[in-house]
Amino acid sequence: MKFQPDRLDGVNAITAFDRSGVRVNAQRHETSVLVPWQGEVLPWGCDAFADLNAGHFEQVLGLKPELVIFGSGDRLRFPAAALIRSLIAQRIGVETMDTGAACRTYNVLAAEGRAVVAALLLERAATP
């Protein structure tokens with residue numbers, strides 16, 4: 001699915017998403033990523049929802065967001081509260097949705113100038 005967000009200078013925009021990856025600005029990513037509203041897109045070393053741990057969400061703290069949009073993969077799955085405790089303790093909002101919805105929501109919030117990070121889980125298909 002291609003997106004056509006309104007662009008603000010210096011603000012990252014998710015311009016496409018499908019099951020095999022996401023395109024941020026002109027760069028394609030085929031593994032899980034953290035997309036901050038500004039700055040470098042970072043790898044988010046997790047290939048499966050079951051592998052998520054608190055450290056994955058603590059990685060977001062250094063980006064200093066006001067809100068995190070967690071894209072949980074092809075379907076909506078909520079992380080355990082213990083995994084996002086570090087964000088909650090810092091009064092950072094966390095919203096969970098499937099990764100496609102997370103991409104669209106991130107674009108709206110980033111275009112509004114919000115300090116938002118998309119934490120996008122791009123699960124790798126199991127190999128036989």
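**Exercise 1. Work out the strand order of the open five-stranded sheet and find its edges.**

Step 1. Start with the order: this open sheet runs 5-4-8-6-7, and its pairing is mixed. Strands here are DSSP runs of E with at least two residues, helices are runs of H or I with at least four, and both are numbered from the N terminus. Two strands count as paired if DSSP finds at least two bridges between them.

Step 2. Now the edges. Strand 5 (42–43) and strand 7 (93–97) each have a single partner strand, so one side of each has no neighbour in the sheet.

Step 3. Pick one pair to look at. Strand 4 (residues 33–36) runs antiparallel to strand 8 (residues 116–120), with four bridges between them. V33 has L120 of strand 8 as its bridge partner.

A word on the source: this is a predicted model, where local features need pLDDT of at least 70 and side-chain atom pairs count only at pLDDT 80 or more, while totals for chains, interfaces and linings use all residues. Residues are numbered from 1 along each chain as its sequence is written, and side-chain values use heavy atoms, leaving out hydrogens and water.

**Exercise 2. Describe how helix 3 sits on the strands, and check its ends.**

Step 1. Place the helix. Helix 3 (residues 99–111) lies across strand 4, strand 6 (67–71), strand 7 and strand 8, at about 165° to strand 8. That angle is between N-to-C directions, on a scale from 0 to 180 degrees, with axes fitted to C-alpha atoms (for helices, over the stretch in contact).

Step 2. Check the length. Its 13 residues reach 18 Å from first C-alpha to last, close to the 18 Å expected at 1.5 Å a residue; the expected span is 1.5 Å times one less than the number of residues.

Step 3. Look at the packing. Buried residues (under 20% relative accessible area with a 1.4 Å probe, protein chains only) of helix 3 include Y106, N107 and L109. The buried residues of the helix pack against strand 1 (14–18) and strand 2 (21–24), as well as strands 4, 6, 7 and 8. Contact means heavy atoms within 4.5 Å.

Step 4. Finish with the ends. At the N-terminal end, D98 acts as a cap, with a side-chain oxygen 3.1 Å from the backbone nitrogen of G100. Just past the helix, G113 has a positive phi of about 85°.

**Exercise 3. Trace the surroundings of R77 and H56.**

Step 1. R77 is in the loop between strand 6 and helix 2 (85–89). At a relative accessible area of 13%, R77 is buried.

Step 2. Follow its polar contacts (N or O pairs within 3.5 Å; within protein, one atom must be able to donate a hydrogen and the other to accept it, and sequence-adjacent residues count only if both atoms are side-chain atoms). The R77 side chain meets the side chain of E123 at 2.7 Å, and one of its polar atoms lies 2.4 Å from the backbone oxygen of S72.

Step 3. Leaving out residues up to four places away in sequence, R77 also touches F49, F70, T96 and L121, among others.

Step 4. Turn to H56, in helix 1 (residues 54–58). H56 counts as buried at 10% relative accessibility. Its side chain reaches the backbone nitrogen of N53 at 3.0 Å. With the same sequence exclusion, H56 touches W44, G45, C46 and D51.

Technical notes: Buried < 20%, exposed > 50% of the residue type's maximum accessible area, 1.4 Å probe, protein only.
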